[in-house]
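Q: I'm new to this structure and would like a close look at a single part. Please start with how the charged side chains pair up, and then tell me what else is going on in the rest of the chain.

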Amino acid sequence: MTAFPQHLLDGYRTFTSQRLPTEQSRYRELSERGQSPAVMVIGCCDSRVSPEVIFDAGPGELFVVRNVANLVPVYQPDGGAHGVSAALEYAVNVLRIKHIVVLGHAQCGGIRAFIDKIDPLSPGDFIGRWMAMFIKPGEVVEQRERESMQDFTVRIEKAAIFRSLENLMTFPFVRTLVDRGEMNLHGAYFGVAEGSLFVLDPTAKEFRAVSEMQGSV
C-alpha cells in the first residue's frame with residue numbers, strides 16, 4: 001500500500017491547528033444535532049470549482065453534489081442506481097432545503113468532450129454515456145454560423161445549467177415545492193480565470209455578473 005499523499009496530511013495539520021480551533025463548537029453542534037443546510041449546490045467535479053470556496057461557506061452550510069458537467073438527469077424511478085437523484089431526494093425530503101443552485105463553469109471538460117465528439121475514453125465510455133443525457137432525443141447541438149468555438153463552448157456550458165434546471169422540475173417532490181413557493185431553483189456560472197460569478201436572471205433568462213448587481217438576487 002502506497003503512502004497517503006503528504007500534502008493532504010500537511011493540509012489536515014494546518015486545518016487542526018488554525019481553522020478547527022475557531023470552529024470546534026460548530027463541528028460539535030453538527031455532530032450532535034445533524035446537518036440542516038438551507039442550500040443544495042449541484043456542481044461540477046472539476047477541481048477548480050469548489051462551491052464551498054466560491055461561496056465562502058462554513059461547515060454544514062451547503063449540501064453539495066458534484067458530477068461531470070453539473071448535470072441533473074430526468075426523473076427516472078427505475079431499477080437503476082441514480083446518485084444525483086438519490087442525493088436530491090435526500091436533500092429535499094429529509095433536509096428540507098430551501099434553495100437548489102446549479103453551478104456551471106467555464107472550461108468545463110465534460111462539455112468540451114461533448115461538443116468535440118471525441119473518441120471514447122474506455123470500452124464503457126462512462127463520460128460519453130453520461131453527457132448523452134444532456135440532449136433530448138432528436139435534439140441537435142451545433143456550432144452556429146460565424147460563432148467562434150469559445151462562444152459556442154460558453155453557450156453550451158450555460159445551456160447545461162438550463163437543462164439541469166429543466167430536469168429538476170421533472171421530479172415530483174421538487175415541482176410540488178417550487179409551485180408552492182416553498183423552494184427556489186437557481187442557476188450560476190463561474191469564470192475560472194477571473195473568479196467571476198454570474199447568476200441567472202429567470203425573467204430575462206440571462207446570466208448577470210454579481211459584480212454589477214446591487215443588493216440581493
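A: What follows starts with the charged pairs and then works outward to the rest of the chain.

One thing to keep in mind: this is a predicted model. As background, side chains of opposite charge can pair when their charged atoms come close. The structure holds eleven salt bridges, and the place to zoom in on is a network of them that links Lys-136, Glu-139, Arg-163 and Glu-166.

Take Glu-166 first. Its salt bridge partner is Lys-136, with the closest N and O atoms 2.6 Å apart. This pair links distant parts of the chain, since Glu-166 sits in helix α6 while Lys-136 sits in the loop between α5 and α6, 30 residues apart. How open are these two side chains to the outside? Glu-166 comes out at 35% relative accessibility, so it counts as partly exposed. Lys-136 is at 40%, which puts it in the partly exposed group too.

Now for Glu-139 and Arg-163, another salt bridge of the network. Here the closest N and O atoms are 3.1 Å apart. Glu-139 belongs to the loop between α5 and α6 and Arg-163 to helix α6, so this pair ties together parts that are 24 residues apart in sequence. With a relative accessible area of 32%, Glu-139 is partly exposed. Arg-163 is at 12%, and because buried means under 20%, Arg-163 counts as buried.

For contrast, have a look at Glu-29 and Arg-33. Their side chains also meet in a salt bridge, at 3.7 Å from N to O. But both residues lie in helix α1 (residues 6-33), four residues apart, which is about one turn of the helix. Glu-29 is partly exposed, at 33% relative accessible area, whereas Arg-33 is exposed, at 70%.

Back to α6, which takes us from charges to the nonpolar interior. Helix α6 (149-168) is one of the elements that supply at least two residues each to the largest nonpolar core. That core has 26 residues, and Leu-168 is among those with the most contacts inside it, along with Met-40, Leu-88 and others. Besides α6, the list of elements giving at least two residues includes β1 (39-44), β2 (62-67), α3 (83-93) and β3 (99-105). Which element gives the most to this core? That would be α3, with five residues. To get a feel for the packing, follow Met-40: leaving aside neighbours within four places in sequence, Met-40 is in contact with residues including Phe-63, Val-65, Leu-88, Ile-97 and Val-101. Apart from this core lies another one, of twelve residues, with Cys-108, Ile-111, Phe-134 and Ile-156 among them.

Strand β3 also has a residue worth a stop: His-105. With a relative accessible area of just 1%, His-105 is buried. Not counting residues up to four places away in sequence, His-105 touches, among others, Cys-44, Asp-46, Glu-157 and Tyr-189.

That last contact, Tyr-189, leads into the later strands. In β5, the bridge partner of Tyr-189 is Phe-198. Strand β4 (residues 184-191) and strand β5 (residues 196-201) pair in the antiparallel sense, over four bridges. They form a hairpin with four residues between them, and Gly-195 in the turn has a positive phi of about 70°. Then β5 goes on to pair with strand β6 (residues 206-209), antiparallel again and over four bridges. In that pairing, Leu-200 stands opposite Phe-207. The hairpin of β5 and β6 likewise has four residues between its strands, and Lys-205 takes a positive phi near 55° there. At 61% relative accessibility, Lys-205 counts as exposed.

Another non-glycine residue with a positive phi is Asp-56, near 50°. Asp-56 lies in the loop between α2 (51-54) and β2, and is exposed, with a relative accessible area of 69%.

Last stop, the outside. Ile-118, Leu-121 and Ile-127 form a nonpolar patch on the surface, with about 280 Å² of accessible area together. Ile-127 is in helix α5 (residues 126-132), and at 33% relative accessibility it counts as partly exposed. From α5 you can pick up the loop between α5 and α6 again, where Lys-136 sits, and you're back at the salt bridge network.

Notes:
Residues numbered from 1 in each chain as written. Predicted model: local features only at pLDDT ≥ 70, side-chain atom pairs only at ≥ 80, totals over all residues. Heavy atoms only, no water. Core = buried A, V, L, I, M, F, W, Y, C linked by side-chain atoms within 4.5 Å. Buried < 20%, exposed > 50% of the residue type's maximum accessible area, 1.4 Å probe, protein only. Contact = heavy atoms within 4.5 Å. Pairing = 2+ DSSP bridges. Patch = residues over 30% accessible without salt bridge, like charges linked within 9 Å, V, L, I, M, F, W, Y side chains within 5 Å. Areas by Shrake-Rupley, 256 points an atom, 1.4 Å probe, with all protein chains shown as cover. Salt bridge = Lys/Arg side-chain N within 4 Å of Asp/Glu carboxyl O.
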